Amino acid sequence: MSDDEVVDLIPEGDEAQIASASPAPVERWRELVDVIDDARRRYYVHDAATLSDAEYDEYYRELEALEAAYPELVSADSPTQSVGGERSDMFEPVEHLQRMLSLDNAFSEDELAAWAARVERDLGSMPSMLCELKVDGLAVDIVYERGTLRSLATRGDGRVGEDVTYNARFLDSIPKTLKASKGHPVPELVEVRGEMYFPLEKFNELNDEMLADGRSPFANARNAGAGTLRQRVDRREAELASAKDRGATNVDRLQADLDRAVRRLGRLHLIVHGVGVWEGHEPTRQSEAYEALHGWGLPTSERAKVVASLAEVREFIKYYGEHRHDVEHEIDGVVIKVDELAVQDRLGATSRAPRWAIAYKYPPEVVRTRLLDIEVNVGRTGRVTPFAVMQPVKVAGSTVAMATLHNQEEVVRKGVLIGDLVFLRKAGDVIPEVLGPVVEERTGDERAFVMPTNCPSCSTPLAPAKEGDVDIRCPNQRSCPAQLRERVAHIASRGALDIEGLGFKAAGALLDEQIISDEGDVLLLTADQLRQSSFFTRDGGAGERVLTANAEKLLPELQLAKRQALWRVIVALSIRHVGPTAAQALAREFGDLDRIAAASVEELSAVEGVGGIIAEAVVDWFSVDWHREVVEKWRRAGVAFVEERAETGPQILAGVTVVITGTVEGFSRDGATEAVTAVGGKVASSVSKKTDFVVVGENPGSKYDKAVDLGRPILDAAGFQVLLTQGAEAALAVAASGPA
């Protein structure tokens, strides 16, 4: 590259600054600036990210490192010196009363500690800090004058945003007037900063709509919120009115489009997380400002917390890192702010970010990767499931190379092609999922997935189980090697007989070496049989094969499995549609597997928690000869098939229905259920007005919210113990409840 070509890469006016940098760093700097600027334009203006957050952060950090090594590269045009975002021409401009800045990020505890050390060094001591969740939404600026909403604007470039005030009338979460509260009079003028977002349920609905329209799904809730807020509803209304005046034929379509836009706006929520200009009765701390904002009717987060040390900050970060999926909206980290406003002013800000705040970013849960192939897996009930084989990528703290695609219709619905660049999501322990393709990155070399017509394991022709069934199945249930291996491994799973030492590889070895012929032989296994397996033996010297430690462990586990509760035995039989909840209901109602096998569809479907589909599946399963042979093999092995009932003592929870959500201290999930049924109670899977108690442990789900809404009695771990030992009346005395 010539010197002239190097100069061409440099922003006008910066030639002298950059003269000492070599061509290679200059080229890379320009490439990074172009990539980041393009990503910002797509993200902020077009609401259609083509980079994942993780990729953006990687490019941005590389740019920061390059500029640190070559300070002469830094210019006013660099993304590191400006707030991300632009204002589109679609809306009128609105200048913020006080500039809206971005936040610097910390991706590790070391980077967080370095920020805290700088703050402490500048102040001489560590101030109190406010920790709050970093909502993955759209930043907005709201101005109230004499308590009345004056403007609603997007952040834009930090100085000038887009005027979306008209749309505020459709946003229930933004009050149109503020009301004074005790100790917090409404100021003459106040500028409020917040985040507009979709609750996760609404975000998933929107992505389904995007895929149905053949478009790339939103990679994050922020893009979904931005695309919704930045709608020209006023133009839609004007167009509809004009069409009505003209008697146009497209009035119904225009009305439907307007109604859809208004409904989407109505589903947006707001969380307030800061203030700009404030005239009159100014607070002294950020936390005090939040109290005032809440008192005036603005939505603030109940999860914000003032802490006194970096250790407490780390505890807050750790807690929500483990519980981020308990929150109703997406979060991508925690924001840490100096709480005292005067101290914030002392620390000041750079050209793009305050020095008194930092965002600690969690590992990304949505990334981009290449879809290399789509293969199929045959499950234990014969269901043939497509899954994505991807270029390995790190997401949510682990490396992922495969993800579920559910069924052929889902592949079509998501519009993914083999070879696509795709958005991949992995939320905590949830199975990785392909969200959809990055349509804009297609080259034309991609190809469609074709579902196989024959089982990849046994070559049997595939077909739906019944007409209209979405799932394709291998009907060779008895001898399909893939189904056999899955069923044998399933027997040992925690939700079934919980047999330690019998995993997927062990199941495959027992079948491949013909030690067993089907799942019925598992509980009949002996030490002599295991000695015939190379998987369960090792070289003991002198040509002798001795059992491995795993085999020695497996034998007593098999004996314990024969004494498991009846519901676990039912689950282990791999009856289609029958999971732990239905199995528990059947065991509780009938108490005997032989009675279940002899019951009619009507008798089975009458059991609460079972229903017609499960009842038909149970009857169908027991009508198959080789299924009954499996049962008889287990009977010969010593399985009783009878639910043990307490023979003495009162059933103090007879007639009491309990719902359990979260992990209850002192119990496994199944153990808590068994504790209730052991004293005559019934465990239901959902909360209703008929629910007597809802037991809430750590990491509760939406059942807790439903219990609060319905005013059902709520018990913690201690209250649960009272219920089990003293009965319902005593438990009511210690229960909490929400408003009925």
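Visitor: Is the crossing of α4 and α10 left-handed or right-handed?
Guide: The crossing of α4 and α10 is right-handed, a word used when the near helix is turned clockwise from the far one by less than a right angle, while an anticlockwise turn of that kind is called left-handed. Please keep in mind that this is a predicted model, in which local features need a pLDDT of at least 70, side-chain atom pairs count only at pLDDT 80 or more, and totals for chains, interfaces and linings use all residues. Residues are numbered from 1 along each chain as its sequence is written, and side-chain values use heavy atoms, with hydrogens and water left out.

Visitor: How do you know where α10 begins and ends, and how α4 and α10 lie to one another?
Guide: Helix α10 covers residues 310-322, and helices of this kind are DSSP runs of H or I with at least four residues, just as strands are runs of E with at least two, both numbered from the N terminus. The axes of α4 and α10 come within 11 Å and cross at roughly 145°, where axes are lines fitted to C-alpha atoms, for helices over the stretch in contact, and angles run from 0 to 180 degrees between N-to-C directions.

Visitor: Which residues of α4 and α10 meet?
Guide: Glu109, Leu112, Ala113 and Ala116 in α4 meet Leu310, Val313, Arg314 and Ile317 in α10, contact being heavy atoms within 4.5 Å. By class, this contact has six nonpolar, no polar and two charged residues; Ala, Val, Leu, Ile, Met, Phe, Trp, Tyr, Cys and Pro count as nonpolar, Asp, Glu, Lys and Arg as charged, and the others, Gly among them, as polar.

Visitor: Why is α7 called roughly antiparallel to α8?
Guide: Helix α7 (residues 233-246) and helix α8 (residues 251-266) pack at an angle of about 155°, with their axes 9 Å apart. That angle makes α7 roughly antiparallel to α8, because angles over 145 degrees count as roughly antiparallel, under 35 as roughly parallel, 65 to 115 as roughly perpendicular and the rest as oblique. The crossing of α7 and α8 is left-handed, and the residues that meet include Leu240 in α7 and Leu258 in α8. By class, the contact of α7 with α8 has nine nonpolar, one polar and five charged residues.

Visitor: What makes α13 oblique to α14?
Guide: Helix α13 (residues 481-491) and helix α14 (residues 504-512) pack at about 125°, with their axes 8 Å apart, and this angle makes α13 oblique to α14. The crossing of α13 and α14 is right-handed, and among the residues that meet are Val488 in α13 and Phe504 in α14.

Visitor: How do you know that β2 and β11 pair?
Guide: Two bridges join β2 to strand β11 (residues 357-361), and they run parallel; two strands pair if DSSP finds at least two bridges between them, so β2 and β11 qualify. Asn105 stands opposite Ala359 in β11. Five strands form this open sheet in the order β2-β11-β10-β3-β9, with mixed pairing, and its edge strands are β2 (105-106) and β9 (305-307), each of which pairs on one side only.

Visitor: Which helix lies across β2, β3, β10 and β11?
Guide: Helix α4 (residues 109-123) lies across these strands, running at about 170° to β11. Helix α9 (residues 286-296) packs on the sheet as well, touching β3, β9 and β10, and its direction makes about 55° with that of β3.

Visitor: What makes β22 and β24 edge strands?
Guide: Another open sheet has four strands in the order β22-β21-β23-β24, with parallel pairing. Strands β22 (682-684) and β24 (714-715) each have a single partner strand, so one side of each is left without a neighbour in the sheet. Strand β21 (residues 657-661) pairs with β22 over three bridges, and Thr657 stands opposite Lys682 in β22.

Visitor: How many residues lie between the strands in the hairpin of β13 and β14?
Guide: That hairpin has two residues between its strands, and Ala396 takes a positive phi near 55°. Strands β13 (residues 383-395) and β14 (residues 398-404) run antiparallel and are joined by six bridges.
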